[in-house]
Amino acid sequence: MENQALAMLRRLDETLTRALSKGLPREGLYGTFAVDAPEDPELAGIGERLARFLAMLDEAQRYAVRLADGDLSATTARDNILAMPLKALQADLKHLLWQTEQVAAGDLNQQVHFLGDFSAAFNGMILALREKRRLEEQLHTVNQILEKQASTDVLTGLFNRLKLGSLLDAEITRAQRYATPLAVILLDIDHFKRINDTRGHQVGDDVLRELAQRLASSLRACDAVARWGGEEFLVMLPNSPLAAGRECAEKLRAAVADCPFAAMPRVTASFGVAELEKGEPRDTLINRADQALYRAKDKGRNRVECA
């Protein structure tokens with residue numbers, strides 16, 4: 001028995017010495033630890049337990065290698081006590097993977113509290129991303145405000161001349177390319193200087209604001225209106241021939257003249273309508289509408305004239 005026990009210890013010592021100096025062999029510790037089955041039952045039990053322990057160690061090592069390679073689907077025997085810490089780590093890594101996916105999807109409320117220094121680094125990254133998002137949202141809000149200010153008339157809230165000019169250029173290009181009609185309406189408040197001189201500029205501003213609201217509420221969603229300058233307004237009517245432009249102008253004239261304004265008992269406006277001609281530039285189109293507007297003024301105001 002003593003000889004068999006000594007042989008078992010020497011074989012175990014050789015196995016462990018080789019593992020300590022060269023690392024775990026490919027075939028595992030269990031594969032290198034093989035001794036003849038002792039005749040003594042007690043010694044046989046010791047050898048069996050040693051073999052089981054080495055087999056557990058081999059399995060835990062293979063499990064650890066798969067985890068180190070990033071394979072979070074790796075499995076090991078439930079009764080392998082040597083792999084228990086690795087199982088706990090695997091569970092943490094799976095949860096961390098889920099949290100990372102949530103962060104990638106935009107959820108910046110994730111926090112890690114189970115991986116020591118990594119937790120601090122991860123949570124610091126989340127705080128930095130939150131701050132970046134906050135700054136981006138602020139920048140987006142500021143850009144929206146600046147864009148609106150750059151394209152909006154401050155007094156009336158309508159498009160300004162620059163914005164509608166840009167929209168009109170694009171619509172003229174589209175109309176010329178696809179041979180679709182396009183009409184514009186240029187309108188001017190009648191005797192507006194008299195309103196300012198007799199009622200004051202505050203009343204004049206109130207009239208401009210209310211007239212802008214009436215114009216905007218009387219147009220289609222595809223139409224556009226801008227304060228073109230002073231008491232002048234320009235309306236763009238896509239897909240509208242001259243007849244449709246005149247009909248819209250009459251509708252707008254009635255919307256202005258037929259109902260009293262809050263600041264004035266009666267306000268009227270004169271309208272000039274022009275339809276885009278083939279190859280016609282924007283300035284020529286608007287100039288023809290302006291000439292029609294002046295004819296409306298000359299013929300007594302509060303009327304529509306077409307170019």
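Student: Leaving aside its neighbours within four places in sequence, which residues is Ile 126 in contact with?
Tutor: This is a predicted model, and Ile 126 has its place in helix α5. Once residues within four places in sequence are set aside, the contacts of Ile 126 are Val 103, Leu 108, Gln 110 and Gln 111.

Student: Is Ile 126 buried or exposed?
Tutor: A residue counts as buried when its relative accessible area is under 20%. For Ile 126 that area is 0%, so the residue is buried.

Student: How are α4 and α5 placed relative to each other?
Tutor: Two packed helices are described by the angle between their axes and the distance between the axes. Helix α4 covers residues 84-104 and helix α5 residues 117-151; their axes are 12 Å apart and the packing angle is about 10 degrees. Angles under 35 degrees count as roughly parallel. The two helices are therefore roughly parallel.

Student: Which residues of α4 and α5 make the contact?
Tutor: Both helices contribute side by side in the list. From α5 come Phe 118, Phe 122, Ile 126 and Leu 129, and from α4 come Leu 96, Thr 100 and Val 103.

Student: What separates the C-alpha atoms of Ile 126 and Gly 45?
Tutor: Along the chain, Ile 126 and Gly 45 are 81 residues apart. In space, their C-alpha atoms are separated by 55 Å.

Student: Why is the protein described as more spread out than a compact globule?
Tutor: The protein has ten helices and five strands. For 307 residues the globule rule gives 19 Å, and the radius of gyration is well over that, so the protein is more spread out than a compact globule. Along the principal axes, its C-alpha atoms fill a box of roughly 130 × 45 × 30 Å. The radius of gyration itself is 43 Å.

Student: What is the order of the strands in the open sheet?
Tutor: Strands of a sheet pair through backbone hydrogen bonds, either parallel or antiparallel. In this open sheet of five strands the pairing is mixed. The edge strands, each pairing on one side only, are β2 (224-229) and β5 (304-306). The order is β2-β3-β1-β4-β5.

Student: How many bridges join β1 to β3?
Tutor: The two strands run antiparallel. One pairing to look for is Ala 183 opposite Leu 237 in β3. The number of bridges joining β1 to β3 is seven.

Student: What is the bridge partner of Val 184 in β4?
Tutor: β1 and β4 pair in the antiparallel sense, over seven bridges. In β4, Val 184 has as its bridge partner Ala 274.

Student: Why is β1 called largely enclosed?
Tutor: Leu 182, Val 184, Leu 186 and Asp 188 point one way from the strand, while Ala 183, Ile 185, Leu 187 and Ile 189 point the other way. All of these are buried. The strand is largely enclosed by the rest of the structure because the number of its residues that are buried is eight of the eight.

Student: Which strands does α10 touch?
Tutor: Helix α9 (residues 242-257) lies across β1, β3, β4 and β5, at about 165 degrees to β4. Helix α10 (residues 282-298) also packs on the sheet, and its direction makes about 145 degrees with that of β4. The strands touched by α10 are β1, β2, β3, β4 and β5.

Methods: Residues numbered from 1 in each chain as written. Predicted model: local features only at pLDDT ≥ 70, side-chain atom pairs only at ≥ 80, totals over all residues. Heavy atoms only, no water. Pairing = 2+ DSSP bridges. Helix = DSSP H or I, 4+ residues; strand = E, 2+ residues; numbered from the N terminus. Contact = heavy atoms within 4.5 Å. Axes fitted to C-alpha atoms, helices over the stretch in contact; angles between N-to-C directions. Buried < 20%, exposed > 50% of the residue type's maximum accessible area, 1.4 Å probe, protein only. Rg over C-alpha atoms; globule rule 2.2 N^0.38 Å. Parallel < 35°, antiparallel > 145°, perpendicular 65-115°, else oblique.
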